[in-house]
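Trainee: I would like to learn how to read the aromatic contacts and the packing of a model like this one. Could we take it feature by feature?

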Amino acid sequence: MTKPILLSSEIYGRTGQATAHPLAWPKTATALDIIQRLEWFDGSCQIECTKVHPRRLRSFHDQAYIDAAYTAEAEQCVSPLTRQKYGLGTGDNPIFPSIIERAATACGVALKAAELLTDGGIVHSPLGGAHHVHPARAAGFGYFNDLAIGILAMQDSGLRRIAYIDLDAHHGDGVEAAFAYDPNVLTFSIHEESCWPHTGTDSDPHYGVYNLCVPEGFSDSEMSFVVENALLPIVEKFAPEAIVIQAGADSLEEDRMMKLGLSNRAYYKTIDALRSLAPRIWITGGGGYNPWAVARCWAGIWCVLNGRDPAEEPPISDEQQIIDRVNQWPSVTKPPENWLSSLVDQTRDGDVRPCIKAATAKLAGS
Ligand SMILES: [Zn+2]
């Protein structure tokens, strides 16, 4: 099997946007920093990507929306009409320098992933994952839906059956809507109940749409239960030619915005199990509002994809450059010792609650 490929872009490492907005937090750059310092890291597996030409966005986005997004970036302001019509320039989707360029770069990464996976393999791109974006609407800190654009490119390359697995704490509404009536694209989202965008409460197995709303405190034990009893059997039965995993890391207990209770072990275990179910695996970033927790998780995923145990990696505590990069951002607190001593959290186990058992059984039997 060929070695996994790491996709990156220097735009995610640029500083100068040190606002308190989550979009400015250095989670991707920190994940890449940690990955690149791994002793066994081989730079030949890393590919630097560039932004796409705006016309390549038309596979998913409306032309008028694309025009509005680029105009907003050029002018650094939006009209009330644009704000209302396209969701650009809102509190969630602010316009600041390079923000549209960054979104277009994530789409460049998506197209590169689709190209690289034509003949099989594993691609990890710890960025992008803008799963809320619709064809003509920015949403949820996202401007262009790199996931949909990547999946559409995979279809263009001849792949038919594609499974999309969304581990982010929010429902992957934009991706689900894009493929909800395409039975050849399965979408499976596990997300916190009663949270924005308040979708993803129902499933439609006939069209390959699966959703599982989980309560606060969702634990590693509960995730394992869901994975073993619903996710893996459903994906295996679907027999995908490719699996796309949105690894938004806001389901981690350390996340500041969400209230789920996973350790990064749950991500590692789930991804390790999924990667044997298809000859092509593409893993993206997504949400995550604690840069330390996100970066450790996405770096640990790279270890897992390379058949390495993240628990055996040396501590980050001596990597002052990495620590300084994160600490320069507002709202970032000093990391506790255990975040620096290992890429692996303690397991967060507990009883599997009846509501999880019931929801899992319902999905598995659907
Ligand atoms: Zn999220």
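Trainee: How many aromatic pairs does a search of the whole structure find?

Mentor: Please keep in mind that this is a predicted model. A pair of aromatic rings is described by the distance of the centres and the angle of the planes. Here the search of the whole structure returns 6 aromatic pairs. One of them joins Phe141 and Tyr289 in an edge-to-face arrangement, with 5.7 Å from centre to centre and 70° between the planes. That pair links distant parts of the chain, since Phe141 belongs to the loop between strand S3 (121-125) and helix H5 (146-156), while Tyr289 belongs to the loop between strand S8 (280-284) and helix H9 (291-305), 148 residues apart.

Trainee: Are Phe141 and Tyr289 buried or exposed?

Mentor: Both Phe141 and Tyr289 are buried. Phe141 also deserves a look at its backbone, where phi is positive, about 65°, although the residue is not a glycine. As for Tyr289, the charged end of Lys27 sits over its ring, 5.2 Å from the centre.

Trainee: Why is the pair of Phe188 and Tyr210 called stacked?

Mentor: The angle of the planes decides this, and planes under 30 degrees apart count as stacked. The ring centres of Phe188 and Tyr210 are 5.9 Å apart and their planes meet at 15°, so this pair is stacked. Phe188 lies in strand S5 (residues 185-192) and Tyr210 in strand S6 (residues 209-214), 22 residues apart, and the pair thus links distant parts of the chain. Phe188 and Tyr210 are both buried.

Trainee: Which residues form one aromatic cluster?

Mentor: Tyr65, Tyr70, Tyr86 and Phe144 are joined in one such cluster. Elsewhere, in a contact between a charge and a ring, Arg161 lies over the face of Phe238, at 4.1 Å from the ring centre.

Trainee: Which residues have the most contacts inside the largest nonpolar core?

Mentor: They are Ile165, Phe188, Phe218, Ile243, Ile245 and Ile301, in a core of 71 residues. H9 gives the largest share of this core, 12 residues. Leaving aside neighbours within four places in sequence, Phe218 is in contact with several residues, including Ile190, Met223, Val226, Leu260 and Ile356. Another core, of 57 residues, lies apart from the largest one and has Ala68, Val78, Ala106 and Leu111 among its members.

Trainee: How many of the residues of helix H1 (residues 27-36) are buried?

Mentor: In H1, 9 of the 10 residues are buried, so the helix is largely enclosed by the rest of the structure. The buried residues of H1, among them Lys27, Asp33 and Ile35, pack against strand S1 (5-8), S3, H9 and helix H10 (320-327).

Trainee: Where is Pro197 found, and what is the peptide bond that leads to it from Trp196?

Mentor: Pro197 is found in the loop between S5 and S6, and the peptide bond from Trp196 to Pro197 is cis, with omega near 5°. Ala239 offers a further backbone detail, a positive phi near 50° in a residue other than glycine. Ala239 is placed in the loop between helix H7 (220-238) and strand S7 (242-246), and with a relative accessible area of 45% this residue is partly exposed.

Trainee: How many helices and strands are there in the protein chain as a whole?

Mentor: The protein chain has 12 helices and 8 strands. Its radius of gyration is 19 Å, close to the 21 Å that the globule rule gives for 366 residues, so the chain is as compact as a globular protein of that length. Buried residues make up 59% of the 366 residues.

Technical notes:
Residues numbered from 1 in each chain as written. Predicted model: local features only at pLDDT ≥ 70, side-chain atom pairs only at ≥ 80, totals over all residues. Heavy atoms only, no water. Phe/Tyr/Trp six-rings, centres within 6.5 Å; stacked < 30°, edge-to-face > 60°. Helix = DSSP H or I, 4+ residues; strand = E, 2+ residues; numbered from the N terminus. Buried < 20%, exposed > 50% of the residue type's maximum accessible area, 1.4 Å probe, protein only. Lys NZ or Arg CZ within 6 Å of the ring centre and 35° of its normal. Rg over C-alpha atoms; globule rule 2.2 N^0.38 Å. Core = buried A, V, L, I, M, F, W, Y, C linked by side-chain atoms within 4.5 Å. Contact = heavy atoms within 4.5 Å.
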